[in-house]
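Reader: I would love a close look at one part of this model, the open sheet. Could you walk me through how it is put together, and then place it alongside some of the other features?

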Amino acid sequence: MDATPLTDVTGQKRFEARPKVLRRLYAYVLAYRLRLAVAVAVTVGSAMLNLLTPHFLGVAVDQAHALLLAGPAAGAQRALKITALIVVTISLVRGLLTGYQGYIQEYLAQRVGADLRLAYFAKLQRLSFSFHDAVHSGDLITRGMLDIEGVRGFLETGFLRTINVTLLVAIGTAGLLTADWRTGLCALSFVPFVAWRAVRMGVALRITWQRVQALNAVITRRMEENLRGMRVVRAFAAHAHELAKFNHAAAEAVRLSALRISQRSRSVRTMNLAYYLAMALVLLVGGQRVHHHLITIGTLTEMLTFMTVLQPPLRQIGFIVNAGARASSAGARLFEVLDFDPVIANAPDAVDLPHAPAALQFSDVSFRYPAAAPGRYALSDISFTVAPGQVLGIAGPPGSGKSTIAQLIPRFYDAGSGSITVGGIDVRDLTLASLREAVGLVQQDVFLFDTSVHDNIAYADPLTEEEEVFGAAQTAQIHEHIAQLPQHYQSRVGERGVGLSGGQRQRLAIARGLLADPQIIIFDDSSSAIDAATEVELRAALDHKLQGKTIIVIAHRLNVLRNADEILVLDQGRIAERGTHAALLAGQGLYADLWRLQNQGAA
């Protein structure tokens, strides 16, 4: 049921240094040094005032006791009033500092959370396709939402509280032992036990949190798949099956959450018991020492008050440890992604591709997908050249490697052997940005954003002139349909373009590819859903628009390839045949067989 570790599905080294997670989080906090310094100063001030309160209360009790024994005395009464005023003032200032501490703690947590979210999203944009092929998007969404929230929660509730508790215990311990070490030891006797229980609880909670977060990833994946495949679920009346799968994961998450709550509750109960036993011991031992005049009633009051001051922060140790355990496991899952190095990246001396007509050349290129079986190559020894102004057609049965060629040109993957050059430069020596700006890929499986038609077409250049958007739509034979939409180019296309037909989505994608004005344009079966009449008009418009471009057309429908300068016929990753349409038909090979199947023998 647990989500699969990334190292198991990508083969890359996984982030191992879990103890360093919190230190790495603090590195993000250090980006706000000034506010952090103010926050620490406010926390220290609040803690010091908290420690002064028991002292002045002890003084007040001794003053009241002196008044009781000596009778009314103006000096003693005045001293008691001054002490009471000091206690009230300390409480007011401490309240203000505590309120500001909460504000600045929340601010820091929100800023660091935003920084982590941006860094995570930016990393996802740079990770290679091989990574995204292996890792489910539901797991990545969980890490980018719930795990970041777990990290932010600790910075909000645990970071400064840890400083507060440390100061209270350290300085308070010195004060108690100085006042009376015997009674002081009794007052502090519960602290080591609470710390021990907190550490044990932290270990148990961390393991539980890891399992809970892994289950959250499973639940997110179930929901995402169900929403994306809603039409399939409805078509097969499989809602009961989907509900059972979701409920199984949700029920396990509830069980683990209940276990986590039970672990925390048992530890908190034990901590409280230790606290009240220590208080009883202080009353017993301290009372005896007051009786023998070894300490004053005020000193005993100071110790009991200090224990009362110390109890809430120490009780919060459980919550701090819980938040820390969640942040540790969530941060490890987060840094597991942030620490991945993209397989496809710019070489140290990469150069920009000049914006000019460029020839494309494959030389003995072989490629195997990372997840494929050993020895199972998608492409083997592929060689061809396409010059500017030429059209290369690629045909072949499903699974023959046609789309793989399209994926290798913009370096979505790197060839295993051989070389691919654009304008005479190996694609590995080009910057990814300049290469992908030069290569336009229009795919069969069109993805459209849930925004306006205009924004989808102008995705490559949102600031482009509207006339250029209209021109690209006209070339793609989609302008007339857009003009009939309720809000024309400002009409929303719906999630994944659900408001458009398959052919309309493909034509919109073609318009988007044309607007980018690439030097090399690849049509990967991009007209498969377009009717024959519209396709004839589209091809005529494209022939005029793309003059001088380097063009690759991948198609199942061989009619599309008739006018190509050269056609490659792939079979099981190899070039089985190559030549013009007429030459391939005359050769009576695989291409001719496919042509006869599609055209009933028409030449």
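Author: Happy to; the sheet comes first, and salt bridges, a surface patch and the domains follow.

Please keep in mind that this is a predicted model. The sheet is open and has six strands, in the order β6-β7-β8-β3-β9-β10, with mixed pairing. At its edges stand β6 (439-443) and β10 (574-579); each has a single partner strand, so one side of each is left without a neighbour in the sheet. From one strand to the next, the twist averages 15 degrees.

Let us begin at the β6 edge and work across. β6 pairs with β7 in the parallel sense, over five bridges. In this part of the sheet, Val442 stands opposite Phe523 in β7. On the other hand, β7 also pairs with strand β8 (residues 550-554), again in the parallel sense and over five bridges. Here Asp524 stands opposite Ile554 in β8.

Strand β7 (residues 520-524) deserves a pause. Five of its five residues are buried. In a regular strand, side chains alternate between the two faces of the sheet. In β7, Ile520, Ile522 and Asp524 lie on one side, with Ile521 and Phe523 on the other, and both faces are covered. Asp524, which faces Ile554 across the pairing with β8, is thus listed among the buried residues.

Further along the order comes strand β3 (residues 391-395), which runs parallel to strand β9 (residues 566-571) and is joined to it by four bridges. For a landmark in this pair, look at Ile394, which stands opposite Leu568 in β9.

Now for the salt bridges, of which the count comes to 12. One of them links Arg411 and Asp414, with 2.8 Å from N to O. Its two partners differ in cover: Arg411 counts as buried at 4% relative accessibility, while Asp414 counts as partly exposed at 22%.

Another salt bridge joins Asp593 and Arg596 at 2.4 Å, N to O. Both residues lie in helix α21 (residues 590-599), three residues apart, about one turn of the helix. Each is partly exposed: Arg596 has a relative accessible area of 35%, and Asp593 is at 37%.

A third example reaches between helices. Glu106 forms a salt bridge with Arg152, and their closest N and O atoms are 4.0 Å apart. Because Glu106 lies in helix α4 and Arg152 in helix α6 (residues 137-157), the pair ties together parts that are 46 residues apart in sequence. Arg152 is buried, with a relative accessible area of 10%, whereas Glu106 is partly exposed at 28%. Through salt bridges that share partners, Glu106, Glu149 and Arg152 are joined into one network.

Helix α4 also takes part in a surface feature. Leu34, Val38, Tyr100 and Tyr103 form a nonpolar patch with about 410 Å² of accessible area together. Both α3 (33-70) and α4 (74-126) supply at least two residues each to the patch. Val38 lies in helix α3 and counts as partly exposed at 31% relative accessibility.

Finally, the domains give a frame for all of this. The domain assignment of the chain gives domain 1 (16-338) and domain 2 (360-601). Taken over C-alpha atoms, the centres of domain 1 and domain 2 are separated by 56 Å.

How values were computed:
Residues are numbered from 1 along each chain as its sequence is written. This is a predicted model: local features need pLDDT of at least 70, side-chain atom pairs count only at pLDDT 80 or more; totals for chains, interfaces and linings use all residues. Side-chain values use heavy atoms; hydrogens and water are left out. Patches are made of residues with over 30% relative accessible area and no salt bridge: like charges are joined within 9 Å, nonpolar side chains (Val, Leu, Ile, Met, Phe, Trp, Tyr) within 5 Å. Accessible areas come from the Shrake-Rupley method with a 1.4 Å probe; for residues, only the protein chains shown count as cover. A salt bridge is a side-chain nitrogen of Lys or Arg within 4 Å of a carboxyl oxygen of Asp or Glu. Buried means under 20% relative accessible area, exposed over 50%, partly exposed in between (1.4 Å probe, protein chains only). Domain bounds come from an automatic or database domain assignment. Two strands pair if DSSP finds at least two bridges between them. Axes are lines fitted to C-alpha atoms, for helices over the stretch in contact, and angles run from 0 to 180 degrees between N-to-C directions.
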